[in-house]
Amino acid sequence: MLSVKTRAAPAARPPLPLPLYEHVKRQMSEQILMRVWAPGEAMPGEVALAAQYGVAVGTIRRALADLVAEGLLMRRRKLGTVVTGRAPQHSLRFFFEYFRLHGADGALLNSATQVLSVVEDAATPAEAEAFGDLGPVLRLHRLRLLDGRPAMHERILLPLARLPDFPRTVEAVPSLLYRHLLEQYDIRVVAVRESVTAELAEAEDSVLLRLDAPAALLVIHDTGYDQAGAPVILGHHRFTTQETRYLNEVR
């Protein structure tokens, strides 16, 4: 008989406009991508999963069916539903952390986020053009840490008009920004366009990332587009890849 492994209880679900099975599916997919359920492992039965997530068996069945169709799971005779291990490591459809620094062995890394500042500001002419003249913007400055070690700092720009009541304090800014956009504003980031360069670390980089000069950085400017094709997030990311590597999949 398959026993359910002890895991942290799923996060409480806020009252959102998405179908319940979608919430369960996304929690499952993130657990699969973070290897809580490893490739080749048989999933708990539908009844056990329903109890774990606090939903009906029919909701679990729908979530599992979608994950099978999307390739994260497969049906195996006698074993039941099995994790495939073939899922993209950071697909925007599944993984809301969207973090492309991986370990030297290629393993997906789970980062912690420290928000350094959040500021409401006027858009520059270039920013206004990018967002379609939506008015003021929110500027976030964040630090990403791996096992307590800073690996990246990033500046993120969001159009304020599309994000009413977005948190204005560093303590309240959500760590999983893409998920927050989806769950609170029904904005799904479905595509990202990146420009990648290599640069020498500047004074701020050296302080924030604890680097000895001279040091090389990977620098990425990106634009995230919503389900309607409109730009919704602009980012400027500065990585150190001394003990990590940048991984991008093209499918």
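In the predicted model, strands β7 and β8 run antiparallel and are joined by ten bridges. Within this pair, Ala 191 lies opposite Tyr 225 of β8. Tyr 225 is also matched on the β9 side, where its bridge partner is Pro 231. Strand β9 spans residues 231–239 and is connected to β8 by eight bridges, again in the antiparallel sense. β8 and β9 make up a hairpin with five residues between the two strands. In the turn of this hairpin, Gly 229 has a positive phi of about 85°.

Eight of the ten residues of β8 are buried, so the strand is largely enclosed by the rest of the structure. Thr 223 is found in β8, which covers residues 216–225. The relative accessibility of Thr 223 is 18%, and this residue therefore counts as buried, the cut-off being under 20%. Leaving aside residues up to four places away in sequence, Thr 223 touches Ala 191, Val 192 and Arg 193, together with Pro 231, Ile 233 and Leu 234.

The strands described so far belong to an open sheet of six strands, arranged in the order β4-β5-β6-β9-β8-β7 with antiparallel pairing. Its edges are formed by β4 (112–121) and β7 (191–200), each of which pairs on one side only. From one strand to the next, the twist averages 15°.

At the β4 end of the sheet, nine bridges link β4 to β5, and these two strands run antiparallel. Strand β5 comprises residues 137–146. Two of the positions facing each other across this pair are Glu 120, opposite Leu 138 in β5, and Gln 114, opposite Leu 143 in β5. Nine of the ten residues of β5 are buried, so this strand is largely enclosed by the rest of the structure.

On its other side, β5 pairs with β6 (residues 149–159) over ten bridges, in the antiparallel sense. The bridge partner of Arg 139 in β6 is Leu 157. β5 and β6 form a hairpin with two residues between the strands, in which Asp 147 adopts a positive phi near 55°.

In total, the protein chain contains six helices and ten strands. Among the helices, α3 consists of 13 residues, 57–69. The distance from its first C-alpha to its last is 18 Å, close to the 18 Å expected at 1.5 Å a residue. Its buried residues are Thr 59, Ile 60, Ala 63, Leu 64, Asp 66 and Leu 67. Viewed down the axis of α3, these buried residues fall within an arc of 160°, so they line one face of the helix. An α-helix has 3.6 residues a turn, so residues three or four places apart point the same way. The cover over the buried residues of α3 includes α1 (20–33), α2 (46–53) and β1 (73–76). Gly 71, which follows α3, has a positive phi near 95°.

Helix α2 has three buried residues to consider: Leu 49, Ala 50 and Tyr 53. Seen down the axis of α2, they fall within an arc of 105°, so they line one face of this helix. The exposed residues Val 47 and Ala 51 are carried on the face of α2 turned away from its buried side. Helices α1 and α3 are included in what covers the buried residues of α2. α2 is likewise listed in the cover of the buried residues of α3. Just after α2, Gly 54 takes a positive phi of about 70°.

Values for the whole chain complete the description. Buried residues account for 48% of the 251 residues in the protein chain. Of the contacts with a separation of 6 or more, 59% are between residues 24 or more positions apart. The accessible surface of the protein chain is about 12,800 Å², and carbon and sulfur atoms contribute 53% of that surface.

How values were computed
Residues are numbered from 1 along each chain as its sequence is written. This is a predicted model: local features need pLDDT of at least 70, side-chain atom pairs count only at pLDDT 80 or more; totals for chains, interfaces and linings use all residues. Side-chain values use heavy atoms; hydrogens and water are left out. Helices (H or I, at least four residues) and strands (E, at least two) are DSSP runs, numbered from the N terminus. Buried means under 20% relative accessible area, exposed over 50%, partly exposed in between (1.4 Å probe, protein chains only). Contact means heavy atoms within 4.5 Å. Accessible areas come from the Shrake-Rupley method with a 1.4 Å probe; for residues, only the protein chains shown count as cover. Two strands pair if DSSP finds at least two bridges between them. Axes are lines fitted to C-alpha atoms, for helices over the stretch in contact, and angles run from 0 to 180 degrees between N-to-C directions. The expected span of a helix is 1.5 Å times one less than its number of residues. The arc is that of the directions from the helix axis to the C-beta atoms.
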